[in-house]
Amino acid sequence: MAKRTAIIDIGSNSISFVVYEKSSRYAFHLIEKLRSKVRIGEGAYDNNGHLSDIAMQRAFDTLEDYLSVTQSLGCSKVLAVATSALRDAPNKKIFLKRVSKELKLNIKIIDGQKEAYLGAVAALNLLPNLQDGTTIDIGGGSTELARIKDGHIVETISLNIGTVRLKELFVDKRSDFSNIESYIKDMLQVLPEIFHTSKIIGIGGTIRALSTAILKDTDYPLDSLHAFEYPYEEHRGFIKKVAQSEVLKLKKTSIARSRYDTIREGSAIFFLLCDRLGASEVITSKAGVREGVYLSDILRGCNHKFPYNFNVSVRSLIDRFAIYHKHIAYVQSTAMKSYEVLYPLFDKQQKYREELMMAAKLLLIARRLNIYSNSDMTFGFLVENLNFVLSHKQKILVALIVKYAHQKVINEKEIKQFQQLLPDEDVIKWLSFILSLTVCINQNKKIQKLEINYEVGQLRISCEKKMFLAKACIKKLKKPASFAIILESSS
């Protein structure tokens, strides 16, 4: 498998480019990302699908530059796919042959069913605990849906309604919104009942732009779009308002200016689709076809799904930043031994066990990042890099308790800032304490047998060798309750 792989996604509106670097068998991280609004489908939907020479030249020039980046970064594999505009174009062979001959790039045109499947592969693997729902990916020329049930993709469909298609057929001709609405509703008549669901997974630029605006307007405490959730009914009015708005009036919304050209058409498709499917919840996915192409490649031997309980974000950080992997396992084991005897005091249902396990794995990596005591950098780094698989609640909690473990004191003002995403302060104090205690025990970097027991008023830690540094460190800990910590050795 190529260590660095470039993915090129040629859509009707934009050509997107990403480069992923593998760090182990399944783990990877993003090292480059580019997007060019080429509009290869410009004018095509009003011209029987034919691509114009000018649009094809823009696309060719963009691809030439993208390939230059792949050479500079030493990519050993380039996977290029094209969707609606090219698959619908009668003159597509002219463009494909030129790109193949002059740029030595083979572009694979994928059909709508495959496009829907790839978006669902990305959502299934990179969103937290996704078991049921329907993905909606609104593109320039088409909209793809995939039905997920019990963690499996069971049905896909592609509809010939897209933002650029609607813009050229209706909006550019100053057609009334009612005509657009009737057209979309007619196209949705073919949608089978199986796609109806309360949970919608939104993919693509339109839905990301809407989610970004909702995130800003609701003063959401975390500036992170992937896995952002919101109740559909609360924001349906806003989405419909954007769909019916004049361009100049979009300035009064939080919609990014770069999205003005097609956001109204995309919003119309989205709210009418959500109404049709009976949506009550929307989950935003920043992962789509590009990630689906990459994951289908690296997971081709395991049905396009990560192994059970695999966390690509945590694993990638360990691969890149851990010095001694044995110490990672030892630190995690130590933290969980403390948790096993202490959880009845603050987490009787063990709701936060998984978060503590992830945080323990990242503890030594955080130490490398904050060697000069800049724990704020650690927090920001973890929030930015725990970008897949974790929910926002998990991401914030893990990043905070790792930060506080090294800081040895919690910041109540910071906790208040993220209050709607966090558990009770008492839980945070206990989890941070367990990690702080683990940091102390690991002071001498020695891997040895440990026994940790708790009786009323007494936490006893038994080890083989003396741990002088640990004792000094433990004395400075701020405990979440009143009890003694006894550290004893058999030597």
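In strand β11, the bridge partner of Ile201 is Ile283. This pair of isoleucines offers a convenient point of entry into a model that is predicted. The two strands concerned are β9, covering residues 199-203, and β11, covering residues 281-284, and they pair in the parallel sense over four bridges.

Both strands belong to a wider arrangement. They are part of an open sheet of six strands, in which the order is β8-β7-β6-β9-β11-β10 and the pairing is mixed. The edges of the sheet are formed by β8 (152-159) and β10 (229-231), each of which pairs on one side only. On average, neighbouring strands of this sheet are turned by 20° against each other, direction ignored. Helix α4, made up of residues 112-126, packs on the sheet and touches β6 (133-138), β7 (143-149), β8 and β9. The direction of α4 makes about 135° with that of β8.

The loop between β7 and β8 contains Asp150. The phi angle of Asp150 is near 50°, a positive value in a residue other than glycine. Asp150 counts as exposed because its relative accessibility is 64%, and the cut-off for that class is over 50%. A second residue of this kind is Arg174, which is not a glycine yet has a positive phi of about 55°. Arg174 lies in the loop between α5 (163-169) and α6 (177-187), and with a relative accessible area of 78% it is exposed.

Helix α6 itself has a buried set of residues, namely Phe177, Ile180, Glu181 and Ile184. Viewed down the axis of α6, these buried residues fall within an arc of 100°, so they line one face of the helix. The underlying geometry is simple: an α-helix has 3.6 residues a turn, so residues three or four places apart point the same way. The packing partners of the buried residues of α6 are α5, α8 (232-244) and α9 (263-277).

A loop residue may also be buried, as Asn13 shows. Asn13 is found in the loop between β1 (4-10) and β2 (15-22). Its relative accessibility is 8%, and therefore Asn13 counts as buried, the limit for this class being under 20%. Leaving aside residues up to four places away in sequence, Asn13 touches Arg35, Ser36, Lys37, Val38, Arg39, Val164, Asp261 and Thr262.

The cysteines complete the picture. A search of the whole structure finds one disulfide. That bond is formed by Cys440 and Cys473, whose sulfur atoms are 2.1 Å apart. The torsion about the S-S bond of Cys440 and Cys473 is about -60°, so the disulfide is left-handed. The pair links distant parts of the chain: Cys440 sits in helix α17 (residues 425-441) and Cys473 in helix α18 (residues 468-475), with their positions 33 residues apart in the numbering. Cys440 and Cys473 are both buried. Two further cysteines can be described by their accessibility. Cys75, with a relative accessible area of 16%, is buried, whereas Cys302, at 22% relative accessibility, counts as partly exposed. The two cysteines fall into separate classes because the boundary for burial is set at under 20%.

Conventions
Residues numbered from 1 in each chain as written. Predicted model: local features only at pLDDT ≥ 70, side-chain atom pairs only at ≥ 80, totals over all residues. Heavy atoms only, no water. Pairing = 2+ DSSP bridges. Axes fitted to C-alpha atoms, helices over the stretch in contact; angles between N-to-C directions. Contact = heavy atoms within 4.5 Å. Buried < 20%, exposed > 50% of the residue type's maximum accessible area, 1.4 Å probe, protein only. Arc of directions from axis to C-beta. Disulfide = S-S within 2.5 Å.
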